Amino acid sequence: MTEQSVSIRSICVYCGSRPGRDPSHMAAGRALGREIAEYGLRLVYGGGTKGIMGAVASGVLSGGGQVTGIIPEFLIDMEATRHSLGQLNELIVTPDMHARKHTMFERSDAFVALPGGIGTLEEIVEIMTWAQLGRHEKPMVFANINGFWDPMMELMRHMTEEGFLHTAHRVQPLVVDDVSGVIPAIMAQASQLAADRGGEDEVISKM
């Protein structure tokens, strides 16, 4: 893994390769994509061109933004079409899921989980696990569209109360209900981390 950084240049988005039953999830994906482009950031995502994944990428591209898709070879025809993949600014084809996830981490300065299934959950939980182990301090956000992630938040509270999140202070993902607030929340947390780190450096310099 790379050195910890609070400079936000790229946003990794985890989300479903299916649209889901609630139309607001697809709308949220497109809206977040447009926000990423508007802020001049790069989207890093799983390369799918279907479902919410496709909506996010489409939103970025329609706003003139940059998209990096990272996808294993065996998933190309399941989560994407080869024609659509050709529209991405950068496509990285990995040999397996492990390489995909590691590359997504390395290429990203922050992580956002939109609604999705088991794969989406597994990806954001792994990032949270690495944060708990002190491997990074990159911002993590649950885009809680229509309360989609409420059960996850309740589970985390339960784990904390039962004494299993012993380093809960390292696992504090932001929970944002509206996608328009996602990037401002990330930027605010990154600025706070930079300020905190600057204060630590000042203290060390006086020792």
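**Entry 1: the second largest pocket**

I looked up the second largest pocket of this predicted model and found that it encloses about 340 Å³ of space. Its lining is made up of 15 residues. Those nearest the centre of this pocket are Glu-137, His-169, Arg-170, Gln-172 and Leu-193. I then sorted the lining by class, which gave six nonpolar, six polar and three charged residues.

**Entry 2: Leu-193 and Ala-188**

Leu-193 is one of the residues nearest the centre of the second largest pocket, and I followed it further. It belongs to helix H8, which covers residues 182-205. Is Leu-193 buried or exposed? Its relative accessibility is 18%, and buried means under 20%, so Leu-193 counts as buried. I also noted the separation of Leu-193 from Pro-139: the two stand 54 residues apart along the chain, and their C-alpha atoms are separated by 9.4 Å.

Ala-188 is also found in helix H8. I recorded a relative accessible area of 46% for Ala-188, and therefore entered it as partly exposed. Pro-139 appears here again: Ala-188 and Pro-139 are 49 residues apart in sequence, while their C-alpha atoms are 9.6 Å apart in space.

**Entry 3: the largest pocket**

I turned next to the largest pocket, where about 430 Å³ of space lies. I counted 27 residues in its lining, and the closest to its centre are Cys-15, Gly-16, Ser-17, Gly-117 and Thr-120. Which elements supply at least two residues each to this lining? They are strand E1 (10-14), helix H2 (51-62), helix H5 (97-107) and helix H6 (118-132). The largest share comes from H6, with five residues. By class, I entered 12 nonpolar, nine polar and six charged residues for the lining of the largest pocket.

**Entry 4: the cavity**

Rolling a probe the size of a water molecule over the atoms shows where empty space is left. How many cavities of 30 Å³ or more does a search of the whole structure find? I noted one. About 40 Å³ of space lies in the largest cavity. Its lining consists of Tyr-14, Lys-101, Glu-123, Glu-126, Ile-127 and Trp-130. Helix H6 gives the most to this lining, with four residues; H6 also provides the largest share of the lining of the largest pocket. The lining of the cavity divides into three nonpolar, no polar and three charged residues.

**Entry 5: helices H1 and H2**

Two packed helices are described by the angle between their axes and the distance between the axes. I looked up both values for helix H1 (residues 23-38) and H2: the axes come within 7 Å and cross at roughly 30 degrees. The crossing is right-handed. On the H1 side, the contact is made by His-25, Met-26, Gly-29, Arg-30, Gly-33, Arg-34, Ile-36 and Ala-37. On the H2 side, it is made by Gly-51, Ile-52, Ala-55, Val-56, Gly-59, Val-60 and Ser-62. Sorted by class, this contact has seven nonpolar, six polar and two charged residues. I add that H2 is also among the elements that supply at least two residues to the lining of the largest pocket.

**Entry 6: two asparagines in one loop**

I examined the loop between strand E6 (140-143) and helix H7 (150-161), in which Asn-146 is found. Asn-144 is found in the loop between E6 and H7 as well. Is Asn-144 buried or exposed? Asn-144 counts as buried because its relative accessibility is 4%. Leaving aside neighbours within four places in sequence, I listed the contacts of Asn-144 as Trp-149, Asp-150, Val-175, Val-176 and Asp-177.

Asn-146, by contrast, has 57% relative accessibility and therefore counts as exposed. I also looked up the backbone of Asn-146. Most residues other than glycine have a negative phi. The phi of Asn-146 is near 50 degrees, a positive value in a residue other than glycine.

**Entry 7: Leu-133**

My last entry concerns Leu-133, which lies in the loop between H6 and E6. Leu-133 has a relative accessible area of 57% and is therefore exposed. How far apart are the C-alpha atoms of Leu-133 and Glu-154? I noted a separation of 21 Å, with the two residues 21 residues apart along the chain.

Key:
Residues numbered from 1 in each chain as written. Predicted model: local features only at pLDDT ≥ 70, side-chain atom pairs only at ≥ 80, totals over all residues. Heavy atoms only, no water. 1 Å grid on protein atoms, 1.4 Å probe; cavity = no way out; pocket = protein on both sides within 12 Å on 5 of 7 lines; lining within 4 Å. Points joined across faces, edges and corners; volume = space filled by probe spheres on them. Nonpolar A, V, L, I, M, F, W, Y, C, P; charged D, E, K, R; others polar. Axes fitted to C-alpha atoms, helices over the stretch in contact; angles between N-to-C directions. Left-handed = near helix turned anticlockwise from the far one by under 90°. Contact = heavy atoms within 4.5 Å. Buried < 20%, exposed > 50% of the residue type's maximum accessible area, 1.4 Å probe, protein only.
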